[in-house]
Amino acid sequence: MIKPLLIGPFTQLLPMTGLPFKGALKDEQLPIIENGGILVSEGKILKVGVFDELKSDAVDVHHIEGDHVCLPGFVDSHTHICFGGTRARDYAYRNAGKTYLEIAKAGGGIWDTVTQTRQASQEELVQGIISRSKKHLRNGVTTIEVKSGYGLSVDEELKMLRAIRQANEISNVSLIPTCLAAHMKPKDWNQNKEYLEEITTVLLPIIKTNNLAHRVDAFVEESAFSPEEIKPYFQKAKEMGFDITVHADQFTTGGSQVAVDFGAVSADHLEASTKKEIQLLAKSNTIATALPGASIGLGCAYTPARRILDAGGALSIASDHNPGSAPMGDLLTQASILGTFEKLSNTEVLSGITFRAAAALRLSDRGKLEEGAQADFVVFPTDNYQEITYHQGQLKPSEVWKKGINVCK
Ligand code: NIG
Ligand code: FE
């Protein structure tokens with residue numbers, strides 16, 4: 001075993017352990033270790049506890065000078081950071097009052113990014129993912145889910161998934177790939193059904209054989225795929241062993257019912273969810289994922305996070321970082337702002353970007369600081385964890401550790 005390294009002392013260490021996976025959380029429930037330390041070896045956590053009590057186990061010590069708060073590295077469970085080009089024109093049009101249809105007619109919308117992504121080489125996509133994930137890492141995000149979905153043909157979707165895999169090999173951040181070939185009907189296909197058959201019978205088997213992703217997502221929406229259209233696709237994906245996740249209830253409802261029916265790991269967006277969908281999700285094991293970055297980017301309503309938690313649901317919060325609806329790409333800023341609009345406790349916000357987000361990706365080895373977990377953690381220069389959301393993303397980490405290595409000093 002490589003010699004154990006002790007990191008600390010931290011004025012406050014938030015292990016994010018011992019908290020329930022579902023339901024509302026009060027700050028009184030938040031475990032805090034004062035003058036805490038983390039003992040790390042070979043990229044994993046050996047022990048978490050009071051710094052002075054861990055000293056005898058350590059061979060080396062990385063001393064933290066001054067007041068600092070340490071918590072698990074953030075997990076961003078929903079992004080689209082593999083893309084080519086920009087959609088700044090869409091943003092300007094939207095803010096000038098143009099409708100979705102007018103923007104699409106002017107050549108904007110998801111299809112614009114599909115065109116720009118198809119024009120990019122795999123290497124250019126890799127560079128884009130790397131530079132975006134570096135920005136996320138500096139803000140404390142150590143695991144990022146990344147969707148395809150701007151290729152919309154077998155070859156172009158594979159190019160995206162290969163770019164994500166290549167970027168993951170180079171990046172300090174863990175990148176978790178998801179196939180979103182069912183993002184919209186490509187304009188070069190006449191019918192939703194035919195396109196879905198193509199990706200079911202040709203694309204998914206290649207993804208499976210080459211282990212390019214173990215998650216399948218679809219945009220269930222009037223402008224994309226109806227619940228009825230998507231069911232055979234999800235059925236086949238499930239039979240092949242893929243985890244299901246859904247872009248659900250963004251503008252119209254229907255997607256969350258599909259998510260629950262298929263035992264999806266998560267239903268994401270949910271801005272249009274009503275009491276019925278909230279109850280449905282709360283009773284299920286499907287994690288509700290709020291995407292405040294899309295609400296901010298589009299100027300739309302927030303996901304009813306408070307009501308989801310009060311109904312007993314599990315809430316993850318993700319950035320949805322993409323060139324169209326969520327160009328900002330700053331998880332902590334967005335989660336903090338969601339907290340102000342939805343009246344979330346600090347514990348609910350921080351849970352939503354740590355262990356509850358990890359659960360949305362079925363990752364049990366991160367999002368918590370405990371023995372055996374990956375040594376992924378983020379350090380903020382403050383003596384009080386409440387300062388982290390209070391500064392709404394402007395209090396930046398002083399250190400970010402990934403698999404036991406200080407990757408952002
Ligand atoms: O999650 N809602 C669908 N897909 C993305 C937006 C994609 C885009 O506009 O490029 C989302 O918001
Ligand atoms: Fe999305």
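In the hairpin of β2 and β3, 2 residues sit between the strands, and Glu42 there takes a positive phi near 50°. Helices and strands here are DSSP runs numbered from the N terminus, a helix being H or I over at least four residues and a strand E over at least two. The model is a predicted one, in which local features need pLDDT of at least 70 and side-chain atom pairs count only at pLDDT 80 or more, while totals for chains, interfaces and linings use all residues. Residues are numbered from 1 along each chain as its sequence is written, with chains lettered from A and ligands numbered from 1 in the order in which they are written.

Back at the hairpin, β2 (residues 33-41) and β3 (residues 44-50) pair in the antiparallel sense over 6 bridges; pairing requires that DSSP finds at least two bridges between two strands. Across this pair, Ile38 stands opposite Val48 in β3.

A separate set of pairings involves β1, β5 and β14. Strand β1 (residues 5-13) holds Pro9, and the peptide bond from Gly8 to Pro9 is cis, with omega near 0°. Most peptide bonds are trans, and most residues other than glycine have a negative phi. β1 runs parallel to β5 (residues 69-72), joined to that strand by 2 bridges, and Gln12 has Val69 of β5 as its bridge partner. With β14 (residues 377-380), β5 pairs the other way, antiparallel, over 4 bridges. There, Leu71 is matched with Val378 in β14.

Next comes an open sheet of 8 strands, paired in parallel and ordered β6-β7-β8-β9-β10-β11-β12-β13. The edges are taken by β6 (74-76) and β13 (315-317), each of which has a single partner strand, so one side of each is left without a neighbour in the sheet. On average, neighbouring strands of this sheet are turned by 25° against each other, direction ignored; the axes are lines fitted to C-alpha atoms, for helices over the stretch in contact, and angles run from 0 to 180 degrees between N-to-C directions. At one edge, β6 and β7 (residues 141-147) run parallel and are joined by 3 bridges, with Phe74 partnered by Val141 in β7. Helix α6 (residues 154-170) packs on the sheet, touching β7 and β8 (174-182), and its direction makes about 175° with that of β8. Contact here takes two residues whose C-beta atoms, placed from the backbone, lie within 7 Å.

The loop between β7 and α6 is home to Leu152, which has a positive phi of about 55° although it is not a glycine. Leu152 is buried, with 26 other C-beta atoms within 10 Å. The cut-offs, using C-beta atoms placed from the backbone, are 20 or more other C-beta atoms within 10 Å for buried, 12 or fewer for exposed, and anything in between for partly exposed. Lys343, also not a glycine, has a positive phi of about 60°. Lys343 is placed in the loop between α13 (331-342) and α14 (346-352) and is exposed, with 11 other C-beta atoms within 10 Å.

Helix α8 (residues 227-239) checks out on length: at 1.5 Å a residue its 13 residues should span 18 Å, and its end C-alpha atoms are 18 Å apart, which agrees. The expected span is 1.5 Å times one less than the number of residues. Buried in α8 are Ile230, Tyr233, Phe234 and Ala237, and these residues pack against β8, α7 (192-209), β9 (215-219), β10 (243-248) and α9 (255-261). After α8 comes Gly241, with a positive phi near 95°.

Two glutamines give some long-range distances. Gln166 lies in α6 and is partly exposed, with 17 other C-beta atoms within 10 Å. From Gln166 to Ile388 the separation is 222 residues in sequence and 33 Å in space, C-alpha to C-alpha. Gln386, in helix α16 (residues 386-390), is exposed, with 12 other C-beta atoms within 10 Å. The C-alpha atoms of Gln386 and Thr143 are separated by 23 Å, with their positions 243 residues apart along the chain.

Finally, ligand 1 is surrounded by 13 residues, the closest being Ile110, Ala294, Asn322, Gly324 and Ser325; a residue is near a molecule or strand if its C-beta atom, placed from the backbone, lies within 6 Å of it. This shell has 5 nonpolar, 7 polar and 1 charged residues, where nonpolar covers Ala, Val, Leu, Ile, Met, Phe, Trp, Tyr, Cys and Pro, charged covers Asp, Glu, Lys and Arg, and the others, Gly among them, count as polar.
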